[in-house]
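I sat down with this model today and kept a few notes as I went. Here they are, in the order I looked things up.

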Amino acid sequence: MRPVPGLLAVIDMQRVFAAPGSPWATPRYAEAAAGVARLLPAFGDRVVFTRFLAPARPTGVWRDYYEQWPFALQPPDAELWRLTPEFAGLDAPVLDAETFGKWTPELAARLAPGSRLVLAGVSTECCVLTTALAAADTGTEVVVVADACAGVDDEAHAKTLHVLDLYRPLVRVTTVDELLGEGGP
């Protein structure tokens, strides 16, 4: 397999989003995970995973948010925050954030100057969206891999992909097959 240029950031492929009984379950999580698995070999050691974590003490309107979702106020080592088994054992860095958007200084520092950021993961309308737009605002080329992402439902996923594609050329929406077909040096 030919390498694909850029850094692959795999957003929040965690048990809390995969478990069918979870209040935050993403119905097409397994399909997104299959897309991510297809992408991994093309990026080699240029992969980073992220995890969404609850803060120990929410502040501001996050207090209101966690009043709606009290189950999530668990420590970083809680089962719900772990990456799902297919990703947990991989030799890739894992960056934690207590925010929806994962475009943090730590993620930005892993991106080579002038390189593109390729996003996959969950959920499309939340953490993928906020990461993509924040990165694009810095002038980073962002590619969102539609079939390696999943949303809270099909409609939210499709609408978010449509909105993201409106940001061309800053953000481009593609598929696993299209991206793997690009290859490159």
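The entries below go from strands to cores, then to the pocket and some single residues.

**Entry 1: what I am looking at**

I remind myself that this is a predicted model.

**Entry 2: strand β4**

I began with β4 and asked how many of its residues are buried. The count is 7 of the 7, so β4 is largely enclosed by the rest of the structure. I then checked its two sides, and both faces are covered. Arg116, Val118, Ala120 and Val122 are buried on one side, while Leu117, Leu119 and Gly121 are buried on the other. I noted with interest that an arginine, Arg116, is in that buried set.

**Entry 3: the neighbours of β4**

Next I looked up the pairing. β4 runs parallel to β5, and 6 bridges join the two. On another pairing, β1 and β4 are also parallel, over 5 bridges. I followed Leu117 to see its partners: Leu7 stands opposite it, and in β5 its bridge partner is Val142. For Leu8, the residue opposite in β4 is Val118.

**Entry 4: strand β1**

I moved on to β1, where 5 of 5 residues are buried. Here too both faces are covered, with Leu7, Ala9 and Ile11 on one side and Leu8 and Val10 on the other. Which strand pairs with β1 over 3 bridges? I found β2, in the parallel sense. Within that pairing, Val10 stands opposite Phe49 of β2.

**Entry 5: the cores**

With the strands noted, I turned to nonpolar packing. In soluble globular proteins, nonpolar side chains tend to be buried together. The largest nonpolar core here has 38 residues. I listed the members that touch the most other members: Leu8, Met13, Leu39, Phe43, Trp81 and Phe87. Elements that each supply at least two residues of this core include β1, β2, β4 and β5, along with the helices α1, α2 and α8. The largest share, 8 residues, comes from α2.

I picked Leu39 for a closer look. Leaving out residues up to four places away in sequence, Leu39 touches Leu8, Ala120, Val145, Ala148, Val176, Leu179 and Leu180. I also found a second, separate core of 25 residues. Leu95, Leu117, Ala132 and Leu161 are among its members.

**Entry 6: the largest pocket**

I asked which residues lie nearest the centre of the largest pocket. They are Phe17, Trp24, Tyr65, Ser123 and Cys126, out of 15 lining residues. The volume came out at about 230 Å³. By class, I noted 12 nonpolar, 2 polar and 1 charged residues in the lining. Helix α6, residues 124–137, gives the most to that lining, with 3 residues.

**Entry 7: after β4**

Ser123 caught my eye again, and I placed it in the loop between β4 and α6. The peptide bond from Val122 to Ser123 is cis, with omega near -20°. Most residues other than glycine have a negative phi, and most peptide bonds are trans, so I made a note to look for further exceptions. A cis bond also joins Arg168 and Pro169, with omega about 5°. Pro169 lies in the loop between α7 and β6.

Thr124 belongs to helix α6. Is Thr124 buried or exposed? I read 0% relative accessibility, so Thr124 counts as buried. Beyond its neighbours within four places in sequence, Thr124 is in contact with Leu129, Cys149, Ala150, Gly151, His157, Thr160 and Leu161.

**Entry 8: Asp12**

I found Asp12 in the loop between β1 and α1. Asp12 has a positive phi of about 55°, although it is not a glycine. Because its relative accessibility is 0%, Asp12 counts as buried.

**Entry 9: Arg110**

My last stop was Arg110, which sits in helix α5, residues 105–110. At 43% relative accessibility, Arg110 counts as partly exposed. I looked up its contacts outside the nearest four places in sequence and found Leu7, Val48, Pro93 and Leu95. Its C-alpha atom is 9.4 Å from that of Val47, 63 residues apart along the chain.

Notes: Residues are numbered from 1 along each chain as its sequence is written. This is a predicted model: local features need pLDDT of at least 70, side-chain atom pairs count only at pLDDT 80 or more; totals for chains, interfaces and linings use all residues. Side-chain values use heavy atoms; hydrogens and water are left out. A nonpolar core is a set of buried Ala, Val, Leu, Ile, Met, Phe, Trp, Tyr and Cys residues joined through side-chain atoms within 4.5 Å. Buried means under 20% relative accessible area, exposed over 50%, partly exposed in between (1.4 Å probe, protein chains only). Helices (H or I, at least four residues) and strands (E, at least two) are DSSP runs, numbered from the N terminus. Contact means heavy atoms within 4.5 Å. On a 1 Å grid over the protein atoms alone, a cavity is a set of points where a 1.4 Å probe fits but cannot get out, and a pocket is an open set with protein on both sides within 12 Å along at least five of seven lines; lining residues have an atom within 4 Å of a point. Grid points are joined across faces, edges and corners, and a volume is the space filled by probe spheres set on the points. Ala, Val, Leu, Ile, Met, Phe, Trp, Tyr, Cys and Pro count as nonpolar, Asp, Glu, Lys and Arg as charged, and the others, Gly among them, as polar. Two strands pair if DSSP finds at least two bridges between them.
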